[in-house]
Amino acid sequence: MRPTEPAIGFVSLGCPKAVVDAEHILTRLRAEGYRTVGDYGEADLVIINTCGFIDSAVAESMDAIDEALRANGRVIVTGCLGSRAEAIWARYPQVLAVTGPHDDQAVMAAVHRHLPRPHDPFVDLVPAQGVRLTPAHYAYLKISEGCNHRCRFCIIPALRGPLVSRPLGDIVQEAEALVRAGVREILVVSQDTSAYGVDVKHRVGFVGGRAVRMSFVELVRELGRLGIWVRLHYVYPYPSVEDILPLLDTEGVLPYLDVPFQHAHPRILQAMRRPAGRVHPLACIKAWRGIRPDLVIRSTFIVGFPGETEEEFAALLDFVTEAGIDRLGAFSYSPVDGAAANALPDPVPERVREERLGRLMTHQAAISADRLARRVGQTCDVLIDAVTDEGLIGRSYAEAPDIDGVIYVQGKGRAGERLQVRVTGSDTHDLSAVALPAAQNEKPAGQARARPTP
Ligand code: SF4
């Protein structure tokens, strides 16, 4: 027999920030007694959490709306693309409601309007850590919303507004609830993690009754007390990064920074209007590695920004080599509706942009292979993500889920377990390893394991 609770189909597209928004909406839905279903036919209405970052994301979001309208007919649209409501209404006047990103209140109001909430909400059945879309052993933690910068290729500040930092006490409380729920790794996300607290002028907040300043350094210190892995994403090269380096630890906030440099040539960085655009990325990385030789750096880059010359692109390749970027993601520049960069002169032809993207990825593949080969023979801790017929798949502190490579482990274990392994082989992006005998995996309380140096 079909359950009587109203059923909602939910599609979530986009970046980790959108995942967090989706989790908040799903948590509220569950709290109020709505069911979520994976079949359009079974749903009473469908919510599409869209992405509007680049043109291909817009197209994917529009396709998702189209598909849900055809299959179900009752659709609420939210997320980044929802900030351009007129474009959605123009194409799909039949959608029930459109709301912007990070606005679960408006989404819930639309749900209540079109699918009245059940009479007896199941509040007690909602886990304290909310509903999550990630595997049980890792979770995203959003520390702020919006961004104070105006990078010329980006429309996120227009979509999500200026920086608004969450109170530090709320962040720590959410993190502690995640740990209690069994999460073994927290991935800190925002638009600009190192700017945490700038909007409130680093005012004093309260964490468990203690007065603590809302700053990037104090955030790292507080999260470092959780006793699980914490990984920092979207870190910009502000001076405060040097202050957090001594706090990093392979047992706590990891010596892994995701720093979206986007380019390395000073003229391009300034043309992009990047945060800390006058900081020289190479000098920065050298200073950081002087303090923390074990620091793993992931970065993303845009090639073919308007006006980028062959020499400026070559400078980017040199930078990637000299900096020893461990993990790299890259995009070829594409104009985004509403972005200031669209008005810049000297667009780089698409053929050249694609050719540069291919060269950058080939270039990085050799660097990645070289840096991974240096880890063969080392031991490290691995968090197991999956168990397959061929063995275990996991990651060390040097690999973030979904965006970096993995470690294939021969041995026994289960998802969410941490094992000590010896690295036995490497290729371009991944490692292979064997689990060390159980006795070596028993870590006496309070004794940190040796830190590997990739
Ligand atoms: S820092 Fe730049 S790229 Fe990142 S969200 Fe802000 S404006 Fe966009």
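**Exercise 1. Which residue in β18 stands opposite Ile 393? Then trace the pairing around β18.**

Keep in mind that you're looking at a predicted model.

- Step 1: Start with the two strands, β17 (residues 391-395) and β18 (residues 407-410), which pair antiparallel over three bridges.
- Step 2: Go across from Ile 393 and you land on Tyr 408 in β18.
- Step 3: Now look for another partner. β18 also pairs with β20 (residues 431-435), in the parallel sense and over four bridges. Here Ile 407 faces Leu 431 in β20.

**Exercise 2. Work out which residues stand opposite Leu 383 in β19 and in β17.**

- Step 1: Find β16 (residues 379-388), which runs antiparallel to β19 and is joined to β19 by five bridges. In β19, the residue opposite Leu 383 is Arg 418.
- Step 2: Turn to β17. β16 and β17 are antiparallel too, with five bridges, and in β17 Leu 383 has Arg 395 opposite.
- Step 3: Check the connection: a hairpin takes the chain from β16 to β17 through two residues.

**Exercise 3. Lay out the parallel five-stranded sheet and say which strands are at its edges.**

- Step 1: Write down the order, β2-β1-β3-β4-β5; the sheet is open and its pairing is parallel.
- Step 2: Read off the ends. β2 (35-37) and β5 (97-98) each have a single partner strand, so one side of each has no neighbour in the sheet.
- Step 3: Zoom in on β1 (residues 7-12), held to β2 by three bridges. Ile 8 sits opposite Thr 36 in β2.
- Step 4: Add the helices. Helix α1 (residues 16-31) packs on the sheet, touching β1, β2, β3 (45-50) and β4 (75-79), and its direction makes about 170 degrees with that of β1. Helix α4 (residues 104-114) packs on the sheet as well, against β3, β4 and β5, at about 175 degrees to the direction of β4.

**Exercise 4. Check the length of helix α12, then find what its buried residues pack against.**

- Step 1: α12 (residues 350-373) has 24 residues, so at 1.5 Å a residue it should span 34 Å. The end C-alpha atoms are 35 Å apart, which agrees.
- Step 2: List the buried residues: Arg 353, Arg 356, Leu 360, Gln 364, Ser 368 and Leu 372.
- Step 3: Explain the spacing. An α-helix has 3.6 residues a turn, so residues three or four places apart point the same way.
- Step 4: Name the partners. The buried residues of α12 pack against β14 (296-303), α11 (310-323), β15 (327-332), β19 (418-426) and β20.

Key: Residues are numbered from 1 along each chain as its sequence is written. This is a predicted model: local features need pLDDT of at least 70, side-chain atom pairs count only at pLDDT 80 or more; totals for chains, interfaces and linings use all residues. Two strands pair if DSSP finds at least two bridges between them. Two residues are in contact if their C-beta atoms, placed from the backbone, lie within 7 Å. Axes are lines fitted to C-alpha atoms, for helices over the stretch in contact, and angles run from 0 to 180 degrees between N-to-C directions. The expected span of a helix is 1.5 Å times one less than its number of residues. A residue is buried if 20 or more other C-beta atoms lie within 10 Å of its own, exposed if 12 or fewer, and partly exposed in between; C-beta atoms are placed from the backbone.
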